[in-house]
Amino acid sequence: MGTSGGQAVVLRPDDFEVTEVLAAVRGVLDVALERCDAGSAAALEICAAWEGLDAVSASSVIEPTMQSIFGAIVVLATARRLLRGAIIRVEPLSSAFLLAEALRHLDAAASILAAEASGEGPSWA
Amino acid sequence: MGLIYAGRMELATRYAALALVTPPDAGSAMHVGRLQDDLAVLLAEMTETVTGLRLGAAFQPNIADLVRHPVRLLRGGLVALPRVDSAPDPRPPSARWADLPANPARAAGPVQVWTGLVVAAATSGQGLRAQAHHMSGAQRWTALGELAALAEVLAVTRSDLLTQLGSGNGRGGRARQAAAALAVEAREVVRLAGDPGEPDGRAWSPVYPSRRIVPVSTLAALPRAVENAGRLLSRGDASITDVLSLTRVLAQTDRAAVAVLRAAGISQDGVSERLVTLLDAHADGLATSVTAARANLASLSPGSPAALAQGREIGASGLPRLQAAARRAAEARAVVPHVTAYAAATADMTIALRDAASRAVAGHGVAVRDRSEDSPLLWRPAADFDVAPLVRGLDGAVRTARRAAIEATTDVPAPGAERTLRASTAQLRHALARRQIALRPEAPTTAPLTAHFEPVGRSRAALRA
């Protein structure tokens, strides 16, 4: 799917199949990984979320355009929104638990990025 | 364990540590070589005494045999080690062993060191023959681990000697290959002998690791879970996405372990600043590799559900426990021994991750994102160079993990569940670990066994460091 198709999935995810939405989530996570520090705690949480997506659907990727002005935390917000929508619609229901686990990892990544932005370390360090 | 055997073996181990750093000069090389031949015969007999194994038909060993019959292979490797001198020495062994030093501290020069080692091995062998039938399974494994450590010293020093004698090809080439194979075989038996997860007693040819997942209900189980993850990865069915997943888990667990050690105060319980630094560097190496590769690699093979499940168990159960322990200094101090044992266990898992990544790409099981503009497809089958950055990163992490494992096991007593390991044997193992560049055989499983060592001069410097 081209970039314009990718944008359509991001803007109107409910018009597309869940597998396409998950492919778009991967594309958004790819951008988020590029905008995180390599090897950072947040990047590792994003990798963990990616593993959750792989457990539900094949590893296709739809590459959306994400304005370069947006940092990783904004990009992640898009991924979390798409993933939350996919959890409601995914079949079979057991897949929803795997996606919820992936969403928890994205929430953890967002928390780490937010803490870093405000100058704090991770809560457990 | 029998006192005669134990005392003499301890002495032999001390001589062996000296032998590792006392290369012969040109004048004594052949004499030392003959003493090495004597040691090979003695160790083969002792292995037979401990295990009751008799030598089967001779065959060219390969890696799969190492997994199936590790102890049998060690016995075979000792017997098959080509003698350094094709013309047999007409003198009886007693003439060769005449120059015996009073103790290791008084050993002057390589010939005396080797004489001391051979005589101590011979007398401990006599003790073993008298006492073996009284020994428990665990004691037999301990003895076998000690024999194997001596065999590894023999293999490494024989390799040095052949280099010195300039035996590079033809018959010399076969001798070098035999020495390299013996080093791998001996190291595998040393590993098994120190592994409480392996069966006790007379089960000498076990070693297909089960698909069992080790639960991490407490942090005490974390080191065993990490070891098990390494074993499951080594089964050969892990995919590249399994490797990425377990690499990510290991990086996060490392960072949480570092947080625990820092919360506990690094001067606690013999935990050194160096271990913290090494674990941190190990975590960074793994994390950088996995975050760079994650979006670019996908698997074309089904992978190993067992390895993945063990990784999930570590990530979902061990990681939060570590993070919780790091929040309070008292809790952190309580779990420091488990974290140190974890640090020692990371080396084998990191090696298994690197090998599994190489195996996945060699088996055409990896797809790589094709980001070129004109590509009609999103993915293409990966070539070696596509996965090279990941493998290189894991290679670096292996080196760091080995140093961390040495650091973690130097000062801290072994957990109670581990089989007995004499302090002198442990020191010998550390000295050997410093000599190894690449001891693990390369895939595929039918490849011949091989090993690479640091030159002896550099290892001496490392020992003194």
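**Stop 1: a lone histidine in chain B**

Select B:His364 to start: this residue is exposed, because just 12 other C-beta atoms lie within 10 Å of its own, and a residue with 12 or fewer counts as exposed. Keep in mind throughout that you are looking at a predicted model. Zoom out a little and you'll see that B:His364 sits in the loop between helix H13 (329–362) and strand E2 of chain B. Now check the backbone: phi of B:His364 is near 55 degrees, which is a positive value in a residue other than glycine.

**Stop 2: the sheet that comes after the loop**

Follow the chain from the loop into E2(B), residues 366–369. Which strands sit together with E2 in a sheet? Colour E1, E2 and E3 of chain B, and you have an open sheet in exactly that order, with antiparallel pairing. As general background, strands of a sheet pair through backbone hydrogen bonds, either parallel or antiparallel.

Here's what to click on, pair by pair:

- E1(B) and E2(B) are joined by three bridges in the antiparallel sense. Select B:Leu297 and you'll find B:Val368 of E2(B) opposite. Then pick B:Ser299, whose bridge partner in E2(B) is B:Val366.
- E2(B) and E3(B) also run antiparallel, joined by three bridges. Select B:Ala367 here, and look across to B:Pro381 in E3(B).

Why do E1 (297–299) and E3 (379–381) of chain B each have one side without a neighbour in the sheet? Both strands stand at the edges with a single partner strand, so nothing in the sheet pairs with their other side. Turn the view to look along the sheet and you can follow its twist, which averages 35 degrees from one strand to the next.

Now add helix H10 of chain B, residues 240–264. H10 packs on the sheet and touches E1 and E2 of chain B. Compare directions while you're there: H10 makes about 120 degrees with E1(B).

**Stop 3: two helices side by side in chain B**

Hide the sheet and show helix H2 (residues 29–51) and helix H7 (residues 137–165) of chain B. Their axes are 10 Å apart, and the packing angle is about 155 degrees. An angle over 145 counts as roughly antiparallel, so that is the label for H2(B) and H7(B). Their crossing is left-handed.

Turn on side chains to see who makes the contact. From H2(B), try a few of the residues, among them B:Val32, B:Leu39, B:Leu43 and B:Met46. From H7(B), pick some of the others, including B:Leu147, B:Leu150, B:Leu154 and B:Arg158. Colour the contact by class and you get 15 nonpolar, six polar and two charged residues.

Before leaving, show the whole of chain B. How many helices and strands does chain B have? The count is 16 helices and five strands. Of its 465 residues, 53% count as buried. Chain B also brings distant parts of its sequence together: among contacts between residues at least 6 apart in sequence, 83% join residues at least 24 apart.

**Stop 4: over to chain A**

Switch to chain A, which has five helices and zero strands. Read along the sequence, the pattern is α-α-α-α-α. Buried residues make up 45% of the 125 residues here.

Select H3 (residues 41–56) and H5 (residues 93–117) of chain A. Their axes come within 8 Å and cross at roughly 170 degrees, which makes H3(A) roughly antiparallel to H5(A). Residues in this contact include A:Ile46, A:Ala49 and A:Leu53 of H3(A), along with A:Leu99, A:Ala102 and A:Leu106 of H5(A). By class, the contact of H3(A) with H5(A) has 16 nonpolar, three polar and two charged residues.

Now step back to A:Pro92, in the loop between helix H4 (72–89) and H5 of chain A. Look at the peptide bond that leads into this proline from A:Glu91: it is cis, with omega near -5 degrees.

**Last stop: where the chains meet**

Show both chains again. The contact takes 17 residues from chain A and 20 residues from chain B. On the chain A side, helix H2 (18–35) and H3 each supply at least two residues. The largest share, eight residues, comes from H3(A). Colour the chain A side by class to finish: 11 residues are nonpolar, three are polar and three are charged.

Key:
Residues are numbered from 1 along each chain as its sequence is written. Chains are lettered from A and ligands numbered from 1 in the order in which they are written. This is a predicted model: local features need pLDDT of at least 70, side-chain atom pairs count only at pLDDT 80 or more; totals for chains, interfaces and linings use all residues. Axes are lines fitted to C-alpha atoms, for helices over the stretch in contact, and angles run from 0 to 180 degrees between N-to-C directions. Helices (H or I, at least four residues) and strands (E, at least two) are DSSP runs, numbered from the N terminus. Angles under 35 degrees count as roughly parallel, over 145 as roughly antiparallel, 65 to 115 as roughly perpendicular and the rest as oblique. Two residues are in contact if their C-beta atoms, placed from the backbone, lie within 7 Å. Ala, Val, Leu, Ile, Met, Phe, Trp, Tyr, Cys and Pro count as nonpolar, Asp, Glu, Lys and Arg as charged, and the others, Gly among them, as polar. Two strands pair if DSSP finds at least two bridges between them. A residue is buried if 20 or more other C-beta atoms lie within 10 Å of its own, exposed if 12 or fewer, and partly exposed in between; C-beta atoms are placed from the backbone. A crossing is left-handed if the near helix is turned anticlockwise from the far one by less than a right angle, and right-handed if clockwise.
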